[in-house]
Amino acid sequence: MTDVAIRAEGLTKWFGQGEAKMCAVREVSFEARFHEMLYIVGPSGSGKTTLLSIISGILRPDEGKVSVENTDVWALKENALADFRLNKIGFVFQDFHLFPNLTTVENVAIPLVLKRRDWNESIKEASKYLDIVGLSARAHLSPTRLSGGEQQRVAIARALASGPDLMIFDEPTASLDGDTGKKIVEFVKRDILTDHRCIVVVTHDDRIYDYADRILHMEDGRLLDGKGGADA
Amino acid sequence: MLGILRIAYKLLVNDKGKFAALLMGLTFSVFLMIQMTSMFAGMMKKASATVTNTGAKVWVMDRAVTNVSSAIPMPDYVLDAVRSIDGVKYAVPLYSGAGLVHLADGTYQPVTVLGLDDTSLFGRPALIEGNITDIFAENGFIVVKDAEFPKLNNPKLGTEFELNDNRGVIVGIATVPASGLFGIPTLYTTYSRAIQYIPSMRYTISFILIEPQNNAAIPHIQEEIAHLGYETVTEQGFIDKITSWYMFRTGMGINLLLMTAISFVVGLSISGQTFYTFVLENLGKFGALKAIGAKGHELVAMIFFQAGVTGLAGYGLGIGLCAGLIALARLRMPDYASIVTYGNLLLALGMVLVISAFSGYIAVRKVLRIDPYDIFRG
């Protein structure tokens, strides 16, 4: 396995047309390695989320190339791209996007079910991931009955369930109070980041910068600190 | 795929408020659709009661006849001519007319009088009391024991009455598969007595009933009788003719069709709108699924499965509600004209599937358009 998890080269993304046309991401290039917790930070509107969407195979760039584990992401066709996201990437959304009408363990089992695993087997395996995030006792509750921190952990368990090489965290502390946010990020760094996994976190919460291995600063769609980024 | 559908099912049924609203809309719609078409089917069955009760394979009548109660009498020579056609095993006359019974308590009650061929009594009903040969006794009548029977004050064997100022005696009590549409009792007697008791014009044969030698002979018989200027139809053909008349010439069919169409539109709009709202509320979740790696066809399958489950559940509940209400109505009105036929059920199923497909389609369009990037943007 190569040491480089993500290689982004010259990524550019435009939105709008005519006079309203603006560049959200401009010629961004960087690399992320396995066993690295990479932060992309910057003010609102700096292009962090757009960059995150491009590298995770959700938003097609206008220019440039992204490789995840040597797979040219945007060369993949639609179904292959969906499979790529399902098998290689674990998403933890800012608002968690848990299904309130499913139990906690069923929420975690979703990626496994999408991989066409048997239902009972999926639930059984999902329970293990819930155990990893310390919520096995809450397996059969609706996510609406969990606290914000617990919901975040469920979202992490769901992301882990697909067995991803790359985990994407979008503003992981935005919906949490300061202490809970720190505990979550600490837990992620300690228990989730492995030798075969790269974690990319988009945030503008400077209270959790200490947990980053490397930080990329973005402003106006550009990386401020060049290709490599600054070591935290 | 089963696991994905299981998720879709749980997302649907665990949203109890929306699911209940969806079910209510569909149940109400299916109930109305089945109720309307069942009423029509029930009325048509009753309108064709004489045809089905008589059991003749082939019927001859004046071309202007539209239903059993509007018989136009034919001259006797037509019967002779029919009997002489190749392929006719036998042919008998049937009288069908209306009379007025004067009951012992002094009240009057309109009745349908059917006069059976004196020789064969072809088309006679099944007796539950009395002996069929007693119909030949003086003033002998057989009364049909159906929902209208009490209107004759529940007559017994030997009960006397007056029919158009002639004495009548009940000599038998019979049962028939279907009773008539207009809610009046039915009396059977012999053809000769019927034309004697009921005032009529010069011609007296309402219908000629034919037993063909075989079914292959029917077209030839129809052709020969057409040369005489009369119409020949099979039993089913006559039922279809009656149904067609009620459907297209009385306004009844159009009204019921309109009600059925309105029920369909009500179901379509309620369930379409509710399902669309349900999907809109879950749009973020569908977007998250798409981001995680669900493929377009899997989301389409989920939505159509949800629409299908809702449709079929509403269909079942609608049928149950309709059947329950018909049963309830029959407790008070035993002759309530409403029957749920396989045709009604298939029609309603077809309409429910259209409603489900439409609801699913508008929802799918929305879900397929959602960009997972919107999930990141919040």
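How many residues do chain A and chain B each bring to the contact? Chain A gives 27 residues and chain B gives 22, where two residues are in contact if their C-beta atoms, placed from the backbone, lie within 7 Å. The structure is a predicted model, in which local features need pLDDT of at least 70, side-chain atom pairs count only at pLDDT 80 or more, and totals for chains, interfaces and linings use all residues. Residues are numbered from 1 along each chain as its sequence is written, while chains are lettered from A and ligands numbered from 1 in the order in which they are written.

**View 1. The side of chain A that touches chain B.** Two or more residues come from each of α1 (48-55), α2 (78-88), α3 (104-114) and α4 (119-132) of chain A; helices are DSSP runs of H or I with at least four residues, strands are runs of E with at least two, and both are numbered from the N terminus. By class, this side of chain A holds 14 nonpolar, 7 polar and 6 charged residues. Ala, Val, Leu, Ile, Met, Phe, Trp, Tyr, Cys and Pro count as nonpolar, Asp, Glu, Lys and Arg as charged, and the others, Gly among them, as polar.

**View 2. Chain A as a whole.** Chain A has 6 helices and 11 strands. The radius of gyration of chain A, taken over C-alpha atoms, is 17 Å, close to the 17 Å from the globule rule (2.2 Å times the number of residues to the power 0.38) for 232 residues, so chain A is as compact as a globular protein of that length. Of the 232 residues in chain A, 48% are buried, that is, 20 or more other C-beta atoms lie within 10 Å of their own C-beta atom, placed from the backbone.

**View 3. The largest nonpolar core.** This core has 172 residues, and those with the most contacts inside it are A:Ile40, A:Val200 and B:Ile210. A nonpolar core is a set of buried Ala, Val, Leu, Ile, Met, Phe, Trp, Tyr and Cys residues joined through C-beta atoms within 7 Å. Leaving aside neighbours within four places in sequence, A:Ile40 is in contact with residues including A:Leu51, A:Val200 and A:Met218.

**View 4. The two domains of chain B.** An automatic or database domain assignment divides chain B into domain 1 (2-46 + 251-377) and domain 2 (64-228). Their C-alpha centres lie 48 Å apart. In chain B, 5 residues of domain 1 are in contact with 7 residues of domain 2.

Terms used: Buried ≥ 20, exposed ≤ 12 C-beta atoms within 10 Å, placed from the backbone.
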